[in-house]
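Colleague: I should like to learn how to read strand pairing, a ligand shell and record annotations from a set of coordinates. Could we work through one case together?

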Amino acid sequence: NCYFSSKGHHKASVFADLSPEEMLSVQNFLMEQENLKLVSGRPKSLGQNTIFMIELHVPKKRHALSFLNNKGFKPHREARAVIFFGGESKPFVGEYIVGPLPYPYYYHPYNFKGNRTIKFESRPMTALEYKKVHLKLLEITKKAHHILKETSGFSYDNCTEHCLTFTDTAPRGLQSGERRSWILLQRFVEGYFLHPIGFELLLNHRSTNPNHWTVEKVWYNGQYFDSVEELVEKYDRNEIKKLRLPEYKKEDPFSTFIPRGKFKTTTEIHGTKVHEPEGKRYKVQGNYVEYTGWSFAFRVRSSSGLQLFDIQFNNERIAYEVSIQEAIAFYGGNTPAAMQTKFIDASWGMGTENYELAKGIDCPEVATYLDIYHFYDTDKPVRYKNALCIFEQPSTVPLRRHFNSDFKGGYNFYAGLENHALVIRTTSTVYNYDYIWDFIFYQNGVLEAKVHATGYIHSTFLTPEGLQYGNKVYDYVLGNMHTHLIHYKVDLDIAGTQNSFETIQMKLENITNPWSPSHALIQPRLQRTSHLRERDAAFAFGKPLPKYLMFYNPKKHNIWSHNRSYRIQFNSHGDRVLPKDWKEEKGISWARYPLAVTRYKDNEVTSSSLYTQNDPWEPLVSFESFLHNNEKIVNEDLVAWVTVGFLHIPHAEDIPNTATPGNAVGFFLRPFNYFDEDPSLPSKSVVIVRPKNKDISKVEIERWTPDVIGECVSKTPFHYNGTYRAD
Ligand SMILES: Cn1cnc(CC=O)c1
Ligand SMILES: [Ca+2]
Ligand SMILES: [Ca+2]
Ligand SMILES: [Cu+2]
C-alpha cells in the first residue's frame, strides 16, 4: 500500500527536507508579514531583522506514525524558521512554525520547554558578523602592523601575499548574555590552522553596532595586555619578550597534502575500487532507500546533519528515528584561545557544512550522489552539490563462512556469504575538522552508526607550558589535547512502540560439580537487570557500562519464546569532559551519559540546539531536564541517547591531517532474538561447494548469482568543483 511518485516515496516524503521552492515560499510568506519588519536581501547591519534559517519541521511522531501505519492522513507539511530580531530595541531570536506547505498561510511561535526566550547573544555567527569582525580586526591590527610583520613576516591589514587570517574560538565569554570571543591569528597559507603566530585577542562583539566593539585583552608570545595600545607601547619600548618566527618558506609543505618522501613500494597506478559488475542492488527514490531487507527515509538538518526515519527490516519498523544530535571538542591549552576552546558544533551549522564529496575518495565512484539544499545564513536556498552519497560496499570479510573439514585432508563442504553493506554518508567540515558520518546497513539486520574524524587539528602557539596540554607538531606549533564527543538520538521501536529496557551481564557462579560433588565448579551465568525508571537507565561516564544493553518488546517473542530485542553495542572510548554542572557543562548535560534511556516526548525532540555554543551556561535545551521526572520506562515508547567519542592527543602523525584509521567511533544496533534465525539467509550471494560424489578432484558449486562477474569501474576522469554559492 505504499507507492512511488515521480518525486520520491509517498510515505518517506513526510520526512523529506524542504525543496528550494518550498524554502522560497516560506521566505516570501514571512517577508509579507509586516509586523516581523524583515529586511529583504542580504542584511547590511547586525541591527536588522533577518531570516537566519528555514528548514523542515518534522511532524509529531504520533501524526507521522498514524500516516505511516495507514491509520491517518498525511500530516501538514510545515517549516521551522529562525529569525534574528536584531532591529528591536532589545534584540532577540524567534523561532516560528510556518505552514502548510507549499502555500503557507499561518505561522506561530515555536516554544521551547519552559517557554524560554532565545537570547540574541546566543545566536550562531553569520557571514555578516564575520565580515564585521574582519573589518574590526583590520582596524585593530593596523596599530600593531609592525609587531605582526616583525613577528611573522605577515600582516592582517595592508597585505597582498603575506596575509594573516584568524580563527575565532567559543564559547564567547564566561557567562550567559556575553558575546566576546578569543581570536587567534594565523599565517594565511595552505593549512593555515597549523600556522598560529603567537598573537591572540579578546574581542567583545556583543553590540549590534560594531563601532561599540572593544578589545578587552591581548595575548602576545605568552604575555597579557589590556589593550593593543599597551602592547604596542611596551613592544616599542622593548619592555616585553619579542617573538621572531622563522621566515615562512613556500617550499616547506608541512601543512599541505603535497606528497613527499618515499615508500618502500610505491606505484603511480590506481588502487582497488568498488565496482558494481551487474548494476545497483539498492533503490533510492527521493529521500527513501531500500536495500536487502532494509528501508528508511533520510534528511539532513542544518544544525546537526543526517537524520534517518522509519527504519524498517522486512517491513517491520525497528527505529522511528536515528540521528546525529551534536558533536563537541573540548580543549586544554596554555594560550587563552586554547583554554577557552570548547567547540559545540551544531551551532556552527555542522549540518550545512556538507560540501561536495569527491568521487573515488570520499565515496566510491559508483555511489549515488545527491544534492542537499539548505537555507541557513543566506537570502536564498543554497545547493550543496553531491553532498550525500549512498553506496553498497564489500567488506572483504565474509558475513559468515565455514570450511567443513573431513579431517582426512579433504572437506565435506565449504560455504560462505559475502558481506555487503549499504552506506549512507555525509561529511561536515566544521572549519578545521572534517567529520565523516556513516550509517551502515548490514544484511543480517545490524545497523551501524559511525563517525570518522579527519581534517586539521585545532592548533595553538607553543609555549614552554604548552607541552602539558599536547605535543609539539612543528616549530612553535602545539597540537592541543581535546575530547571529541558525539551525541545520537536512537528512537528504537522494537516490534511496536511499547518497549522495555534491560541489561545483561555475566556473573561467575561457584557451584558444586554435580558429577563430582567433591569438586567446586566456577562458570558464568546470566545476570539480568530490569531498568524501570529513567534514572536507573542513565549510565554516567566513570562507571562501567553493562555490555548488553537490550531494548525489547515485553509482549512479543521469537519462535523460541524469547523477547524480541535489539541491542546497542558501543565502539567508543569517550569520557566525561567537565565536572557535572560546571559552567559550560550545563549546555552539554547529555555528555554525562554514554547511554540514557528516556520516555519519548514530543517536546524532547533534540538534545542540543543552535544556541548551545554561544550560551552553554543557560542552555535553551537541557538534556538533563528530560530525566528530571524520572518516568517509568516499562512498556513505553523509549528513546536511547547515545554518546560516543575519544580523547585526542595530537601527535606528529596528525600533520598534515588527522587520519581516519583508528579515529572512528560509533555504535551498532544488533538484533538479539528479534528474528528466529539469521535474517541474512535470503541473500542470494551465498556460495556452497561440495566434493562431487565424494571425489575430491571434482566439485559441485551451488550458487544463486551468475557464475561470471563483469569488469571495470569508470572511464571518465576525476572532476570536482567545490563551489556551492552561485553568487
Ligand atoms: C572553529 N571550530 C568549531 N568547531 C570546530 C571543529 C572542532 O573542533 C572548529
Ligand atoms: Ca522524562
Ligand atoms: Ca521508541
Ligand atoms: Cu581531534
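Colleague: In which sense do β26 and strand β28 pair, and over how many bridges?

Modeller: Two strands count as paired if DSSP finds at least two bridges between them. In this predicted model, β26 and β28, the latter covering residues 477-480, are joined by 3 bridges in the antiparallel sense. Within that pairing, Phe 461 is found opposite Val 477 of β28.

Colleague: In what order do the strands of the open sheet lie, and which are the edge strands?

Modeller: The open sheet consists of 3 strands in the order β26-β28-β27, with antiparallel pairing. Its edge strands are β26 (459-461) and β27 (470-474), each of which pairs on one side only. On average, neighbouring strands of this sheet are turned by 40° against each other, direction ignored.

Colleague: Which residues surround ligand 1?

Modeller: A residue enters such a list if its C-beta atom, placed from the backbone, lies within 6 Å of the molecule. Around ligand 1 one finds Thr 167, Ala 329, Phe 343, Asp 345, Trp 348, Val 430, Tyr 431, Asn 432, Tyr 433 and His 458. Sorted by class, this shell comprises 6 nonpolar, 3 polar and 1 charged residues.

Colleague: Where does UniProt place the N2-terminal and N3-terminal domains of the copper amine oxidase annotation?

Modeller: The unreviewed UniProt entry puts "Copper amine oxidase N2-terminal" at residues 22-106 and "Copper amine oxidase N3-terminal" at residues 123-222. For residues 22-106, the end C-alpha atoms lie 14 Å apart, and the span is 21% helix and 31% strand. For residues 123-222, the corresponding separation is 31 Å, with 25% helix and 29% strand.

Technical notes
Residues are numbered from 1 along each chain as its sequence is written. Chains are lettered from A and ligands numbered from 1 in the order in which they are written. This is a predicted model: local features need pLDDT of at least 70, side-chain atom pairs count only at pLDDT 80 or more; totals for chains, interfaces and linings use all residues. Ala, Val, Leu, Ile, Met, Phe, Trp, Tyr, Cys and Pro count as nonpolar, Asp, Glu, Lys and Arg as charged, and the others, Gly among them, as polar. UniProt positions are given in the numbering used here, feature names are shortened, and annotations may be inferred rather than shown by experiment. Helices (H or I, at least four residues) and strands (E, at least two) are DSSP runs, numbered from the N terminus. Axes are lines fitted to C-alpha atoms, for helices over the stretch in contact, and angles run from 0 to 180 degrees between N-to-C directions.
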